[in-house]
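Reader: I would like a close look at one part of this model, the largest pocket. Please set out what lines it, and then place it in the chain around it.

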Amino acid sequence: MKRNAVVALLALLVLLALSACTDHTPPEEQVRAFIDEIETLVEERQYLDLVERISNDYSDSRGNNRLKVAGILRAYFLRNKNINLIIRIGDITFPGRDFAQTSIDVFMVGRSMSEDDVFRLPKSDFEHFDLDLVRENNDWRVARAEWTASQRSSGF
């Protein structure tokens, strides 16, 4: 009987440990946190950490793969010493359990600036991104990004 109690206790401890490892954050909050993390990595010029957030299976309509996007990011970091971003996240949808789609508008400036300051700039340009994100090993990664330069309309 004592052996059964020990086995039951061990089983309970294993279940508790497994449940503690599970992330109970809603998927939309996870995606928003992921995008915030990307913003921080870009602003802090953390190239290698940023590239780790790109899926090995990345592809886009321009024929880019993970390696080519890493090169684009590297060139961007070499051309821009100071990077500050203002990001507006659009709707986030989940066509699958480990698949999310969203669009973001990104205003890129060379100095710290509030969103209110962006409205004061004449003809402010921003980049619009449509993103496909996949969850790989419990981490979100960018699987596809389509981007276009867009002129700000009212309500950036």
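Author: The pocket comes first, then the chain, the salt bridges and a few single residues.

This is a predicted model, so local features need pLDDT of at least 70, side-chain atom pairs count only at pLDDT 80 or more, and totals for chains, interfaces and linings use all residues. Residues are numbered from 1 along each chain as its sequence is written, and side-chain values use heavy atoms, with hydrogens and water left out.

Start with the pocket. A pocket here is an open set of points on a 1 Å grid over the protein atoms alone, where a 1.4 Å probe fits, with protein on both sides within 12 Å along at least five of seven lines. The largest pocket has a volume of about 630 Å³. That volume is the space filled by probe spheres set on the points, with grid points joined across faces, edges and corners.

The lining of the largest pocket counts 26 residues. A lining residue has an atom within 4 Å of a point. Nearest the pocket's centre lie Ile 38, Val 42, Leu 50, Leu 73 and Phe 129. By class, the lining holds 23 nonpolar residues, no polar ones and three charged ones. Nonpolar covers Ala, Val, Leu, Ile, Met, Phe, Trp, Tyr, Cys and Pro; charged covers Asp, Glu, Lys and Arg; the others, Gly among them, are polar.

Which elements supply the lining? At least two residues each come from α2 (27-43), α4 (66-79), β1 (84-96), β2 (99-109), β3 (125-136) and β4 (139-151). Helices (H or I, at least four residues) and strands (E, at least two) are DSSP runs, numbered from the N terminus.

Now the chain. The protein chain has five helices and four strands. From the N terminus, the order is α-α-α-α-β-β-α-β-β. The chain has 156 residues, and 33% of them count as buried. Buried means under 20% relative accessible area, exposed over 50%, and partly exposed in between, with a 1.4 Å probe and protein chains only. The accessible surface of the chain is about 10300 Å². Carbon and sulfur atoms account for 54% of that surface. These areas come from the Shrake-Rupley method with a 1.4 Å probe. Take contacts between residues at least 6 apart in sequence: 56% join residues at least 24 apart. Contact means heavy atoms within 4.5 Å.

Two residues show such links in space. Ile 87 lies in strand β1. Ile 87 and Ile 35 are 52 residues apart in sequence, yet their C-alpha atoms are 8.8 Å apart. Neighbours within four places aside, Ile 87 is in contact with Ile 35, Glu 39, Ile 104, Asp 105 and Val 106. Ala 33 sits in helix α2. Its relative accessibility is 43%, so Ala 33 counts as partly exposed. Ala 33 and Trp 140 are 107 residues apart in sequence and 9.8 Å apart in space, C-alpha to C-alpha.

Next, the charged pairs. Side chains of opposite charge can pair when their charged atoms come close. The structure holds eight salt bridges. A salt bridge puts a side-chain nitrogen of Lys or Arg within 4 Å of a carboxyl oxygen of Asp or Glu.

One of them joins Arg 53 and Glu 37, with the closest N and O atoms 2.7 Å apart. This pair links distant parts of the chain: Arg 53 is in the loop between α3 (47-51) and α4, Glu 37 is in helix α2, and 16 residues separate them. Arg 53 is buried at 17% relative accessibility. Glu 37 is partly exposed at 31%.

Glu 136 and Arg 141 form another salt bridge, 3.6 Å from N to O. Glu 136 is partly exposed at 23%, whereas Arg 141 is buried at 17%. Elsewhere, salt bridges that share partners join Arg 97, Asp 98 and Arg 135 into one network. Within it, the closest N and O atoms of Arg 97 and Asp 98 are 4.0 Å apart. Arg 97 is exposed at 71%; Asp 98 is partly exposed at 32%.

Last, two backbone angles. Most residues other than glycine have a negative phi. Arg 45 has a positive phi, near 55°. Arg 45 lies in the loop between α2 and α3, and is partly exposed at 34%. Asn 137 also has a positive phi, near 55°. Asn 137 lies in the loop between β3 and β4, and is exposed at 76%.
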